[in-house]
Amino acid sequence: MKALSFILLLFISLLSHAQTIVNGVPWFDQNGETVNAHGACIVKEDGKFYLFGEWKSDTSNAFPGFSCYVSDDLSDWEFRRVVLPMQKDGILGPERVGERCKVMRCPKTEEYVMLMHCDDMRYKDPHVGIATSKTIDGEYTFHGPILYNGKPIKKWDMGTFQDSDGKGYLLIHHGSIYRLSDDYRSIDTLVANVKGMGESPAMMKGRDGTYFLLSSNLTSWEKNDNFYHTAPSIEGPWTRQGFFCPEGTLTYNSQTTFVFNDGELPMFMGDRWSYPHQASAATYVWLPIHAEGTKLSIPNYMQAWDATTGKLVDLLSKAKRVKTNRIDISSMDHWTSGADGTLRSNHQGATIGTRFSGGRIAIFGETNKHGAYGKVSITDLEKDKVVHSLLIDFYSKVPDRGLRYISPRLPKGKYRIDVEVTGDRPNWSDKKGYKFGTDNSYINIKDFYLIKE
């Protein structure tokens with residue numbers, strides 16, 4: 001009888017579990033650590049989703065490794081390992097850059113092939129590197145640069161695409177498309193050169209056989225309105241079509257990295273970079289993408305949506321607002337209140353927080369061109385111990401109001417969450433020395449919520 005009850009409860013939980021993807025907030029793995037997989041791709045195998053990406057650092061852009069996570073639902077991620085660590089020397093050695101790793105399973109050899117951008121710290125020595133593994137989440141063996149006519153491809157931003165016939169392709173910024181050899185270990189031929197294409201290339205194939213090539217403009221770590229080309233075949237002819245997100249949204253404050261398409265619901269995968277604190281503060285924008293004829297679009301931004309249906313999920317519909325009071329706000333004189341009740345401060349060390357009793361605590365706030373980094377800390381009051389801490393980013397060129405943070409699941413107990421103004425700013429320069437980023441160091445907090453599950 002107990003076994004039957006357990007099976008019934010399990011069945012009910014499976015029916016009710018929504019595969020909810022939440023955009024613009026840090027994600028956490030089974031250990032409560034930030035999911036750290038940027039410039040990523042997804043490979044689906046045996047009903048599981050494998051996420052590969054850049055294992056970013058909060059202190060340097062030097063390559064520490066590429067990570068692998070696995071999920072049953074695209075929502076809850078389990079960290080497996082760093083599948084390709086920094087090498088002792090060579091183009092992925094110390095003080096080098098490794099980005100945009102893409103993995104494909106080769107139909108001929110059944111091995112897993114990873115391609116990536118390798119470079120020096122000044123982005124003056126680009127190569128496309130190759131690594132392989134016999135298992136999808138095993139340690140990959142690095143083989144150096146992939147070769148075309150016996151020579152390395154000395155380009156930077158890249159992506160990959162695997163067609164329905166099993167052929168693999170390497171996509172290069174500014175338009176070069178190469179077909180891989182049958183074993184995916186070298187380049188067979190250059191099949192197209194797409195005029196007017198940008199960087200961060202990604203490709204998908206529509207149900208009617210139309211090919212879509214997505215790319216972004218060159219604005220360093222800043223976001224921009226990404227655009228796309230179409231063609232009846234990979235060889236072309238390619239036609240520029242325009243933006244696939246509403247103009248002015250800057251691709252919902254993200255940059256293209258991959259399109260995951262398992263034949264059911266194509267999904268755009270984008271990064272919200274947060275230089276220099278990419279490990280903790282950079283987040284993800286994954287959204288269903290619609291293709292009809294030569295029209296590609298993501299008409300609306302959804303902070304949370306169900307990956308099985310593509311429909312909006314309102315996380316706050318059953319959430320409980322947690323009130324703050326004067327004793328929960330340090331240095332009250334350093335905080336100002338807007339017409340909507342949002343509290344903001346740029347005074348380094350000023351904090352705002354609240355007490356709660358476990359579960360998942362969320363922060364609702366605004367990002368804008370004046371925003372910067374806030375440090376989130378959760379303290380177990382019974383143990384007087386900080387149990388969770390990370391940076392979140394309140395900067396965006398296009399203002400956005402929404403959830404900025406949702407904590408890992410916490411056991412029942414007495415806790416306090418604090419958000420501190422760090423004074424640390426997202427600022428950077430491109431190769432030409434043009435400066436990007438925030439013009440101040442504000443954090444903007446509207447509300448705290450307890451998310452019910």
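The exercises below concern cysteines, peptide bonds, backbone angles and one proline in a predicted model.

**Exercise 1. Cysteines**

Find how many disulfides the structure holds, and account for Cys41 and Cys118.

Solution.
- Step 1: A disulfide is a covalent bond between the sulfur atoms of two cysteines. The cut-off for such a pair of sulfur atoms is 2.5 Å.
- Step 2: For Cys41, the nearest cysteine sulfur belongs to Cys101 and is 5.9 Å away. Cys41 is therefore in no disulfide, since a pair must lie within 2.5 Å.
- Step 3: For Cys118, the closest cysteine sulfur is again in Cys101, at 11 Å, which is too far for a bond.
- Step 4: The count of disulfides in the structure is zero.
- Step 5: Cys41 has 0% relative accessibility and counts as buried. Cys118, also at 0%, counts as buried.

**Exercise 2. Cis peptide bonds**

Locate the cis peptide bond that leads into Pro237 and the one that leads into Pro276.

Solution.
- Step 1: Gly236 and Pro237 are joined by a cis peptide bond with omega of about 0°.
- Step 2: Pro237 lies in the loop between β18 (227-231) and β19 (239-243).
- Step 3: From Tyr275 to Pro276 the peptide bond is cis, and its omega is near 15°.
- Step 4: The loop that holds Pro276 runs between β21 (267-272) and α3 (278-281).

**Exercise 3. Positive phi**

Tyr184 and Ser331 each have a positive phi. State where each residue sits and whether it is buried or partly exposed.

Solution.
- Step 1: Tyr184, a residue other than glycine, has phi near 65°. Its place is the loop between β14 (176-180) and β15 (187-193).
- Step 2: The relative accessibility of Tyr184 is 2%. Buried means under 20%, so Tyr184 counts as buried.
- Step 3: Ser331, also not a glycine, has phi near 50°. Ser331 belongs to the loop between β26 (320-322) and β27 (336-337).
- Step 4: At 37% relative accessibility, Ser331 counts as partly exposed.

**Exercise 4. The surroundings of Pro64**

Which residues are in contact with Pro64, leaving aside its neighbours within four places in sequence?

Solution.
- Step 1: Place Pro64 in the loop between β3 (48-54) and β4 (65-71).
- Step 2: Its relative accessible area is 34%, and Pro64 is partly exposed.
- Step 3: Leu84 is 20 residues from Pro64 along the chain, and their C-alpha atoms are separated by 8.9 Å.
- Step 4: With the neighbours within four places set aside, the contacts of Pro64 are Trp55, Pro85 and Met86.

Note on methods
Residues numbered from 1 in each chain as written. Predicted model: local features only at pLDDT ≥ 70, side-chain atom pairs only at ≥ 80, totals over all residues. Heavy atoms only, no water. Buried < 20%, exposed > 50% of the residue type's maximum accessible area, 1.4 Å probe, protein only. Helix = DSSP H or I, 4+ residues; strand = E, 2+ residues; numbered from the N terminus. Contact = heavy atoms within 4.5 Å.
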